[in-house]
Amino acid sequence: MTIHYELHDDIAVLAADNPPVNALGHAVRLGLQDGITRAQADGAKAVVIYGRGRTWFAGADIREFGKPLQEPSLPDLCNLIEASTIPVIAAMHGTALGGGLEVALGCHYRVAVPTAKMGLPEVHLGLIPGAGGTQRLPRVIGSEQAIALITSGRPIDAAKALELGVIDKVEAGDPLELGLDYARNLIAQGAQTRPISKMPAPKLIDFEGAKAGVAKKARGQISPVVAVDAVQNASTLPFDQGLAEERRLFLELIETDQRQGMIHAFFSERQVRKLPELDGITPRNLASIGVIGGGTMGAGIATAALLAGLCVVLIEMTDAGAAAAKDRIAGNLSGALKRGKIDQAKHDAILNEALRCATDYEALSQTDLIIEAVFEDMDIKKQVFAKLDQVAKPGAILASNTSYLDLDEIAASTSRPADVIGLHFFSPAHVMKLLEVVVGAQTAPDVVATGFALGKRLGKTSVRSGVCDGFIGNRMMFTYRSCADHMVLDGASPYQIDRVLEKFGFAMGLFAVSDLAGLDIGWANRKRLAPLRDPQERVPTYADKICEKGDYGQKTGRGYYIYEGRSKVENPDVMQLVEAERTELGITPRAFSDAEILRRYMAAMVNEAAKIVGEGIARRPLDVDMVSLMGYGFPRFHGGPLKWADMQGLPELLADIQSFAQEDAFFWQPAPLLVQLVAEGRTFDDLNKEAAQ
Ligand code: T1G
């Protein structure tokens, strides 16, 4: 039973009971429909709806999307609630999201506990509110506020909802009691129903202007732009027509790849933390951590841990280095203070009590987990781990923040390789969501479980990776970067490639991102790999020549682009270096269409990703998708490179790779897994489903 019907004197109560989040699946909708009808038949004077468990309805049941619709639909249910002849009160707690808020807007009165949050996040699923939200909300808060809430998908808290008039009362306590009290008062006052659909249409605003602003921010995502059209209808059409239009637009979006991509991202974000190998494994205790190295990465990691309530001991080589590290952390914390993430008291407590900066490794002797974030050099890392092996307590976890290097080789420099793990953070480490948890050949299961527990504590999306050069993310990046370099040598320009990627939905193109990260990092990595390179491999040198000029990107003001203030312009030196290299190699440049650039770039990415899954470096395709979304800016509405590949069609992608291999058989070796899936008519999603069984 997902909806319990109770009579409290002359008040009917509908209690939702569909854990974990009271999703408005078919059974819940049926239960509400029956409950509203029965209450009126029972002669109740009012109805209170509330949610048992941790929350009011957190929306439609996302698992039902794409499946045949079962009546009553959610918009019909909201209309039925609104048409009730007796007042219906929504008593909310937890997260009233999407269809959950729309049900509340179908009710006549809304009350909430102070901790409740509410919003319409449908755009994050590639959709728009589809149960009256685009028609009822603007009538209550106006079109501008409604557009802001719906196109951002961001929830508001109860205080803000009260201020905007979305709810009528905020009071601490049990939501059921709150609802019953409110109903009793209404009955005592002889209050009537109050259908929002009967409220006047919201006044017209500059919808075209609003739409243009939303489209700019959406960077190719469809649903936020469609949402503006739907809200506009609330001002220009009668309610029922506006509702019908909302439904038409909603059902159109259901059929889009973007909806599939974003729902894949939603569930993958939750699935990625479930690893069967960790079932029943208890993580080790985590109260304090140590960080070796107080540079940008070390200071960011320390900040993330401090903000999550952990004590941190940070080690630097010198007192000056330790002081500089403390300043970097203080800088990060003042940012968190400005953004209201922490208050002054917490800020001061962190800097004065939770953080200790030192130069003596002995200071780490009691910490539970130590993360090394020193220069990306194997010898230096081995020296650090050998010292850690001496001072760390038994059972302490020794972690490396290496971005590329062989974790097993690092672990072998200690007497406790089972306690060694890779925790690969992304810069800035206190902001970026992704954490690659790199599992070595000897890493103990409870050490892996502790890595994931730390990730959860820091609010990260943790993804398991095996050991290979660059793990999941950097290994893929190395390949699609090489593909881009090859296209540049053959006739494309870095700037055309960046424009194509931004049109595809990336916030920044590949070369602009390299400038942001610092060209010297890629250069150091190319130097490291040079002795290991296969002579068959095409290795363009123009990127090295840019660095040899001392141009490292944003940090030097010049890289692929020239940075003056907030503007950036193409750096003419780059194409001169490219043309010189083409001449030297006897290459006659040719034109590349935007479509071809995208096909090659994505083929390279997907092919490498398929190798990574095929080799077991990534457990499932969704792991790769999560790495790309959370750490490499891959547009969420495409779902990730492997979800995107499934939607494009794997046979077409394989055919592309096989045709590109005519030019460069060494670079374009089709991934065995991709060949197998195509031969078997299967997809990457099939692998995700099998892994979840
Ligand atoms: N449908 C189905 N399952 C859901 C769900 C939903 N709406 N929300 C959560 N779950 C599952 C989730 O997969 C996980 O499962 C478990 O519940 C706990 O979630 C017509 C079109 C509510 C803030 O977008 O944002 O209404 O992994 O791990 O971190 O206009 O879940 O345990 O098997 O995320 O505490 C709009 C989506 C739908 C809200 C709780 N609603 N959910 O966060 O727990 S579209 C949303 C969330 C809609 C109408 C339209 C969060 C949460 P499992 P969790 P959490």
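## Residue classes and the model

Ala, Val, Leu, Ile, Met, Phe, Trp, Tyr, Cys and Pro count here as nonpolar, Asp, Glu, Lys and Arg as charged, and the others, Gly among them, as polar. By these classes, the shell around the ligand holds 15 nonpolar, five polar and eight charged residues. The structure is a predicted model.

## The ligand and its surroundings

There are 28 residues around the ligand, and those that come nearest are Glu-102, Glu-122, Arg-270, Arg-273 and Lys-274. Glu-122 has a polar side-chain atom 2.7 Å from an oxygen atom of the ligand. For Ala-60, a backbone N or O atom is 2.8 Å from a ligand oxygen atom. Arg-54 places a polar side-chain atom 3.3 Å from an oxygen atom of the ligand.

On its own, the ligand has 990 Å² of accessible area, and the protein covers 77% of this. Three elements give two or more residues to the shell: β5 (95–97), α3 (99–106) and α11 (257–271). The most comes from α11, which gives three residues.

## The six-stranded sheet

Strands of a sheet pair through backbone hydrogen bonds, either parallel or antiparallel. One open sheet in this model has six strands in the order β1-β2-β3-β4-β6-β9, and its pairing is mixed. Its edges are formed by β1 (3–8) and β9 (169–170), each of which pairs on one side only.

At the β1 edge, β1 and β2 (residues 11–16) pair in the antiparallel sense, over six bridges. Within this pair, Tyr-5 has Leu-14 of β2 as its bridge partner.

## The eight-stranded sheet

Another open sheet has eight strands, ordered β12-β11-β10-β13-β14-β15-β16-β17, again with mixed pairing. Here the edge strands are β12 (355–358) and β17 (461–465), and each pairs on one side only. On average, neighbouring strands of this sheet are turned by 25° against each other, direction ignored.

Inside the sheet, β13 (residues 369–372) and β14 (residues 397–400) pair in the parallel sense over four bridges. Ile-371 stands opposite Ala-399 of β14.

## Helices on the eight-stranded sheet

Helix α13 (residues 319–338) packs on this sheet and touches β11 (311–315) and β12. The direction of α13 makes about 150° with that of β12.

Helix α17 (residues 445–457) lies across five strands of the sheet, namely β13, β14, β15 (420–425), β16 (434–438) and β17. Relative to β17, helix α17 runs at about 155°.

Terms used
Residues numbered from 1 in each chain as written. Predicted model: local features only at pLDDT ≥ 70, side-chain atom pairs only at ≥ 80, totals over all residues. Heavy atoms only, no water. Pairing = 2+ DSSP bridges. Axes fitted to C-alpha atoms, helices over the stretch in contact; angles between N-to-C directions. Contact = heavy atoms within 4.5 Å. Near = heavy atom within 4 Å. Polar contact = N/O pair within 3.5 Å; in protein donor to acceptor, adjacent residues only side chain to side chain. Areas by Shrake-Rupley, 256 points an atom, 1.4 Å probe, with all protein chains shown as cover.
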